[in-house]
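Please open the model in a viewer and keep the selection panel at hand. The tour proceeds from whole chains to single residues, one selection after another.

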Amino acid sequence: MPANVRRNQRIATVQTIGRLWRENVTQGHQLDLTGLARVYRMLRLIRRAEERVADIYPSDKIKSPVHLSIGQESAAVGVCDALNPEDIVSGTYRGHATYIAKGGDLNAMFAELYGKVTGCAKGKGGSMHLIDMAHNVLGTSAVVGTTIPMGLGVALAAKRRNQKKVVAVFFGDGATEEGVFYESLNFAALHKLPVIFVLENNGYAIHEPQVKRWATDRMCERVETYGIPTTLVADGDVLAIRDASVKYADRARRGDGPGFIEARIYRWREHVGPGLDFDQGYRSEKEFEPWAARDDVERIGRMLPSDIRAKLDREVEADVEAAVDFAETSAFPQLEELYHNVLAR
Amino acid sequence: MSSPANPDKPQSGRVLKYVDALREAVAQEMRLDPSVFVFGLDVDDHKGIQGSTKGLVDEFGPDRVFTTPLSEDAMTGVAIGAAVAGMRPIHVHIRMDFLMLSMNQLVNIAAKSHYMYGGQVTVPMVVRGIIGKSWGQGAQHSQGLYSFFMHVPGLKVVAPSNAFDAKGCMIQAIRDNNPVIFVEHRLLYNTDAYVPEEVYTVPFGKARVLTKGNDITVVGISNMVQEALRAADLAREVGIHAEVIDPISLSPLDIDTIADSVARTGRLLVIDNDWVMCGAGSEIAASIAERLSGTQKIQIQRMGFAPTSCPPTPELEAAFYPNPRTIGEMMHKMVRPTDARWSPDEARTKLAYQLQFRGPF
Ligand SMILES: Cc1ncc(C[n+]2csc(CCOP(=O)(O)OP(=O)(O)O)c2C)c(N)n1
Ligand SMILES: [Mg+2]
């Protein structure tokens, strides 16, 4: 469905539920209550799904290194809410949020973490290698930076076939240090590829802060020199990220080439694993406090009427519990599965 | 400099873990030689590459122990440049898989500079790569890609399997005037052995015979040495005496020691920590076949990873690797081909280091 049709539909919805329209909170973001509810539901779904992963983890049922996005959901949600179902995302090993936000099958994600045959990769990928091609979630990779050019290739194919698809390519601040990132910026700009580059800048690569890795933090300026327009969302505001994504998606669909969003966000949990790590000494709890205070899940939740929010919360809990049940009750792969899919037939 | 024939027989010193032996070797060399420095992603954080670089930055400071941007390709080139300029860099990669980003610099520049420039320069650098295993490391955090490097003249490749050799090989690698790919296995980090306190080297190109036996020669690589030793213990209980050999260094490779053993046992079983196709184990098997097949009848078998990517789901992951049970079964089948199949007691094939290891990483 083209973006303008979707927007018209949304306006119609606004009229029918006009009495609930709260202009003050959504002003400037072209998002009606339905849209806001949708964004909240997704933020909340990712938060709760990952909190459940963290709860389950000590039981050793999930024997897969998990890189949680708790606290930094807004990038995935803001971008994916601006995309159409036929648009595509390319994420990273910290990819649960991208996968869920793009509509990836939640049951299959939990089953994958459990190593079950019903998992999105039949238990042969694990948390770092989620995929759902039916929902246009490209496979994620545990080797940093490797999926950036793959997203470009998918965009190139869409462009050659005159499909008005957009590819959102997600990566962390650490990934921007790989040569492949700059090579990809240049190529995408040169070929005017329909790509939205999404830098999820959480300020750390594992335990190394950005000041130990970058001489300056003027990333958007650097990217602009390639001829790519940029938007910095310094507070990780999901609605601002969404606005920028709408703008760049429209631009890309017009054939005008890529856009770049730097979303500054904050990872609340440890780099890998379920816990908090403020006792480890490499970052302070003080640094975390402002992010905790502006938590977008809460912030957007508060914009909703409480009965609507409560209903969405109940739905989310049910979705997550159903996914956990699905994973728990699914079977492990049979031994023959080891040898399947080595080569395509 | 002592070089005991068997690291299980104490000479001096104390029992030390593999991870601590590595760190001690680097620290001792850094004290002796100011040109040695350690760099690579996360070498200076509080976890210190799973303990192996922990504390080095406190002793030697951030000029000699420093993290880098995520730029393996460029950083490998930096290491080569520093080495050409007379320093002795140790470039650390927490997983060997990430070495693929360094491949161009290692193969096209590091390996070739000394030769291609007619001996005018040397590239004395150490590249550490750790092989991961278990807890869902999966396809991209578990590869043992050392055979790629063995293929290329100008590189040395070592894969010590115990704490004693880890220390001695590390010191040797740092002192070597060539690029050395230093292969470590994550699950060996907690294994211990007697390790002398003093500085010593373990020479490259000399294999170590770990157990004596006349029935079959078993060559293990990296942590597969440990698994082969356990299999040999279990097989001894049914009267099969295996000679377990650890090549330690894969390039140069000590074929003589292995060939002497196979000439006596008539049987070679190689257990690789990698895929069989074109692997180190295949190289060993081919070299032994070349050396001995014209003069005597020998049996050769190779074992290694299943010919698939590594799956994280536990049962498939277990089936992906050789283990003391499958190794023991193969030994029995080779030595007593006409007997009924024998399998060691499953409970006793589990290795402590496998049981101890718990994720997430
Ligand atoms: C090529 C490569 N080098 C190193 C690593 C080890 N590693 C895994 S995650 C990571 C940090 C990446 O940081 P960033 O891109 O900022 O993503 P974040 O984890 O913060 O989401 C590193 C260095 C890797 N997986 N791949
Ligand atoms: Mg980061």
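Helices (H or I, at least four residues) and strands (E, at least two) are DSSP runs, numbered from the N terminus. The model is predicted, so local features need pLDDT of at least 70 and side-chain atom pairs count only at pLDDT 80 or more, while totals for chains, interfaces and linings use all residues. Residues are numbered from 1 along each chain as its sequence is written, chains are lettered from A and ligands numbered from 1 in the order in which they are written, and side-chain values use heavy atoms, with hydrogens and water left out.

**Stop 1: chain A**

Select chain A and colour it by secondary structure: 13 helices and seven strands appear. Its radius of gyration is 20 Å, close to the 20 Å that the globule rule gives for 345 residues, so chain A is as compact as a globular protein of that length. The radius is taken over C-alpha atoms, and the rule is 2.2 Å times the number of residues to the power 0.38. The C-alpha trace of chain A spans about 50 × 50 × 50 Å along its principal axes. Of the 345 residues, 57% count as buried. Here buried means under 20% relative accessible area, exposed over 50%, and partly exposed in between (1.4 Å probe, protein chains only).

**Stop 2: chain B**

Now select chain B, which has 13 helices and 14 strands. For its 361 residues a compact globule would have a radius of gyration near 21 Å, and the 20 Å of chain B agrees with this. The C-alpha trace of chain B spans about 65 × 45 × 40 Å along the principal axes, and 62% of the residues of this chain count as buried.

**Stop 3: the magnesium ion**

Select ligand 2, the magnesium ion. Which protein atoms are its donors? They are A:Asp173 (OD), A:Asn202 (OD1) and A:Tyr204 (O), lying 2.1 Å from the ion. Donors are N, O and S atoms within 2.8 Å of the metal (3.2 Å for Na, K and Ca); water is not among the atoms, so sites may look incomplete. Along the chain, the donors follow the spacing D-x28-N-x1-Y. Both A:Asn202 and A:Tyr204 are buried.

**Stop 4: ligand 1**

Select ligand 1, which lies between chains A and B. Show the residues around it, counting a residue as near if one of its heavy atoms lies within 4 Å. There are 20 such residues, and the closest are A:Tyr93, A:Arg94, A:Asp173, A:Gly174 and B:Glu72. A:Asp173 is also one of the donors of the magnesium ion. The shell divides into twelve nonpolar, four polar and four charged residues. In this grouping Ala, Val, Leu, Ile, Met, Phe, Trp, Tyr, Cys and Pro count as nonpolar, Asp, Glu, Lys and Arg as charged, and the others, Gly among them, as polar.

Next, display the polar contacts (pairs of N or O atoms within 3.5 Å; within protein, one must be able to donate a hydrogen and the other to accept it, and residues adjacent in sequence count only if both atoms are side-chain atoms). From chain A, an N or O atom in the side chain of A:Arg94 is 2.7 Å from an oxygen atom of ligand 1, and a polar backbone atom of A:Gly174 is 2.8 Å from an oxygen atom of the ligand. From chain B, a polar side-chain atom of B:Glu72 lies 2.5 Å from a nitrogen atom of ligand 1. Taken alone, ligand 1 exposes 590 Å², of which the protein buries 96%; these areas come from the Shrake-Rupley method with a 1.4 Å probe, and for residues only the protein chains shown count as cover.

**Stop 5: backbone details**

Select B:Pro252, in the loop between strand S12 (249-251) and helix H9 (255-265) of chain B. The peptide bond leading to it from B:Ser251 is cis, with omega near 5°.

Move to B:Asp42, in the loop between strand S2 (36-39) and helix H2 (56-60) of chain B. Its phi is near 70°, a positive value in a residue other than glycine. Is B:Asp42 buried or exposed? With a relative accessible area of 8%, B:Asp42 is buried.

In chain A, select A:Lys192, in the loop between helix H8 (179-190) and strand S3 (195-201). A:Lys192 has a positive phi of about 45° although it is not a glycine, and its relative accessible area of 42% makes it partly exposed.
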